[in-house]
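These notes record what I looked up about one sheet and the helices beside it. The model is predicted.

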Amino acid sequence: MKDTNKHQGLRNQLVKILREKEITDENVLAAISKIPRHLFLDSSFEDFAYQDKAFPIGAGQTISQPYTVAFQSQLLKVNKDDKILEIGTGSGYQTAVLCMMGAKVYSVERQNELFKTTSVLLPKLGIRPKHLSFGDGYKGLPNFAPFDSIIVTAGAPIIPPALMSQLKIGGRLVIPFGDKHQIMTMLIRKDETKFEKHEFGEFRFVPLLENKN
């Protein structure tokens with residue numbers, strides 16, 4: 001579990017790349033500059049961990065490319081102590097970024113293998129989400145709702161109604177929406193029934209699947 005000056009240098013270079021790609025939220029960039037992404041990957045990928053690329057992490061899943069993590073995090077406009085629901089814990093890297101930004105993170109993962117690994121890894125790195133859960137992301141976490149914002153880290157063929165209902169008024173739901181091709185979509189809840197929709201171009205994600213595995 002080593003994090004060296006060399007790793008820090010690579011993170012600084014990654015932050016520079018993200019700035020060039022128009023990530024402007026200093027809170028997001030600061031989190032990415034601190035979090036040892038190489039520790040979220042298989043050691044065989046360590047030398048590539050700070051490239052702006054996605055990598056496999058087991059159970060047919062991937063760790064998103066840093067730009068995607070930064071882009072989704074920036075859309076959330078995170079304030080300290082915001083209560084955020086994350087659908088798809090995966091490697092825990094996105095979870096770590098949100099925690100480092102001061103959010104209270106509640107995260108759901110449907111792959112038991114990933115859930116177990118990440119539940120052990122995050123505390124070792126001093127990262128403590130409020131709640132990690134093994135379950136079905138389509139259902140969200142109604143017991144902990146409502147949330148200031150919700151982030152989905154897999155491509156969803158539909159926007160799950162349960163997630164929309166668990167969002168506070170004024171809250172933001174950021175979700176890659178679509179079947180084969182996903183459009184990064186943000187819904188802002190205006191009142192009990194109305195949502196304002198914004199679209200931010202095409203991204204690629206693994207599919208959001210129902211039921212836990």
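I began just past helix α4, where Gly102 follows; its phi is positive, near 95°.

I then turned to α4 itself and asked how many of its residues are buried. I found 7 of its 8 residues buried, so I noted the helix as mostly covered, taking buried to mean under 20% relative accessible area. I listed the buried positions as Tyr93, Gln94, Thr95, Ala96, Val97, Leu98 and Cys99.

Next I looked up the sheet. I recorded 7 strands in an open sheet of mixed pairing, with the order β5-β4-β3-β6-β7-β8-β9. At the edges I noted β5 (131-134) and β9 (195-203), each of which pairs on one side only. Between neighbouring strands of this sheet I read an average turn of 15°, direction ignored.

Which strands does α4 touch? I noted that this helix, residues 93-100, packs on the sheet and touches β3 (83-87), β4 (104-109) and β6. I read about 170° between the direction of α4 and that of β4.

I made a similar entry for helix α5, residues 112-124, which packs on the sheet and touches β4 and β5. The direction of α5 makes about 160° with that of β5.

Last, I examined the pairing of β6 with β7. Strand β6 covers residues 147-152 and strand β7 covers residues 167-177. I recorded 4 bridges joining these two strands, which run parallel. Within this pairing I located Phe147 opposite Leu167 in β7. As a general remark, I added that strands of a sheet pair through backbone hydrogen bonds, either parallel or antiparallel.

Terms used
Residues are numbered from 1 along each chain as its sequence is written. This is a predicted model: local features need pLDDT of at least 70, side-chain atom pairs count only at pLDDT 80 or more; totals for chains, interfaces and linings use all residues. Side-chain values use heavy atoms; hydrogens and water are left out. Two strands pair if DSSP finds at least two bridges between them. Axes are lines fitted to C-alpha atoms, for helices over the stretch in contact, and angles run from 0 to 180 degrees between N-to-C directions. Contact means heavy atoms within 4.5 Å. Buried means under 20% relative accessible area, exposed over 50%, partly exposed in between (1.4 Å probe, protein chains only).
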